[in-house]
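Work through the exercises below with the sequence and the structure open beside you. Try each task on your own before you read its solution.

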Amino acid sequence: MLLQLKNLLSAEELGIARALLGDDAPWIDGRSSAGVQALTQKNNEQLAQDSEASRTLQALILGALRRDPLFFSAALPRKIFNPLFNRYGGGSNFYGPHVDGAVLHSKASQEWVRTDVSCTVFLSDPADYDGGELLVQDTYGSRGVKLAAGDAVLYPGTSVHQVTPVTRGHRVASFLWIESMVRSDEQRRILFDLDMNLLKLRAQLGETPETTALTGVYHNLLRQWAQT
Ligand code: NI
């Protein structure tokens, strides 16, 4: 499932992020954190994880995710890998087709995180750069994603994906992974559909015996499938 989270960041948070991610931020070669397959495809810059800017921005992104009910319903997070930040432009401007590692070790929390769901938070205004589309391959073919600054996308961690070359300006983004309480993308999709439609039914009809019963179905499925 590919899902857009609109306005994940407030205008104020976006301003803070942009101020900390300018030219004088501690950008390092993105290849320092890639696995063997990804290494051959990766050509971008990444914010040094041990920097003050990185710590401030990680807290900002995690705070935004935690308050977003759509994020919770879609990802059902159990663990979140510390958000990272990258920049594409100039001579370091693309990340070819690759898969992310299935389990990654988070420096911040010193724990392993299974990458069930991937997330990219767009921080640059799309008018400020050309190219830089996130292309995600799923069962329906390849989908291109280029969102407004402050919006985010969730997509399956299992997918082959890439960032196309940035031919003008810079594309700055945050990216992270979520280990979900529900490992299967299909099961998460069923739960998400049920949850979203229950919200709509409740808005239309108020609480009825049927909405109560269907809410029970949601929780009983979650109880069957969730690992906490
Ligand atoms: Ni990736």
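The exercises that follow concern a predicted model, and each task is followed by a solution in steps.

**Exercise 1. The chain as a whole**

Task: Find how many helices and strands there are in the chain, and decide how its radius of gyration compares with the globule rule.

Solution: Begin with the secondary structure, where a count along the chain gives 6 helices and 17 strands. Next take the radius of gyration, which is 18 Å, and set it beside the 17 Å that the globule rule gives for 228 residues; the two values are close, so the chain is as compact as a globular protein of that length. The C-alpha trace can then be described along its principal axes, where it spans about 60 × 35 × 35 Å. As for the interior, 48% of the 228 residues count as buried. Turning to contacts with a separation of 6 or more, we find that 78% of them join residues 24 or more positions apart. Finally, look at the outside and at the charges: the accessible surface comes to about 11200 Å², with 55% of it belonging to carbon and sulfur atoms, while the mean positions of the 22 positive and 25 negative charges are 3 Å apart.

**Exercise 2. Glu13 and its surroundings**

Task: Locate Glu13, decide whether it is buried or exposed, and find which residues it touches beyond four places in sequence.

Solution: The first step is to find Glu13 in helix H1, which covers residues 11-20. The second step uses the relative accessible area of Glu13, which is 14%; because buried means under 20%, Glu13 is buried. In the third step, leaving out residues up to four places away in sequence, we see that Glu13 touches Leu8, Leu60, Ala64 and Arg67. The last step concerns a polar atom of the Glu13 side chain, which lies 2.9 Å from the backbone nitrogen of Ser10.

**Exercise 3. A threonine in a loop**

Task: Describe where Thr115 is found, and work out which backbone oxygen its side chain reaches.

Solution: Start from the two strands on either side, S9 (111-114) and S10 (117-122), since Thr115 is found in the loop between them. Although it lies in a loop, Thr115 is buried, with a relative accessible area of 6%. Its contacts, again without residues up to four places away in sequence, are with Gly101, Ala102, Leu104, Gly157, Trp177 and Ile178. For one of these, Leu104, the C-alpha to C-alpha distance from Thr115 is 7.3 Å, across 11 residues in sequence. The side chain of Thr115 reaches the backbone oxygen of Gly101 at 2.7 Å.

**Exercise 4. Two residues with positive phi**

Task: For Asn7 and Leu76, state the phi value and decide whether each residue is buried or exposed.

Solution: It helps to recall that most residues other than glycine have a negative phi. Asn7 is not a glycine, yet its phi is positive, at about 50°, and Leu76 likewise has a positive phi, near 40°. Asn7 sits in the loop between strand S1 (3-5) and H1, whereas Leu76 sits in the loop between helix H4 (69-75) and strand S5 (77-80). The accessibilities complete the picture: Asn7 is exposed, with a relative accessible area of 58%, while Leu76, at 0%, counts as buried.

Methods
Residues are numbered from 1 along each chain as its sequence is written. This is a predicted model: local features need pLDDT of at least 70, side-chain atom pairs count only at pLDDT 80 or more; totals for chains, interfaces and linings use all residues. Side-chain values use heavy atoms; hydrogens and water are left out. Helices (H or I, at least four residues) and strands (E, at least two) are DSSP runs, numbered from the N terminus. Buried means under 20% relative accessible area, exposed over 50%, partly exposed in between (1.4 Å probe, protein chains only). A polar contact is a pair of N or O atoms within 3.5 Å; within protein, one must be able to donate a hydrogen and the other to accept it, and residues adjacent in sequence count only if both atoms are side-chain atoms. Contact means heavy atoms within 4.5 Å. The radius of gyration is taken over C-alpha atoms; the globule rule is 2.2 Å times the number of residues to the power 0.38. Accessible areas come from the Shrake-Rupley method with a 1.4 Å probe; for residues, only the protein chains shown count as cover. Lys and Arg count as positive and Asp and Glu as negative; His and the chain ends are not counted. The place of a charge is taken as NZ of Lys, CZ of Arg, CG of Asp or CD of Glu.
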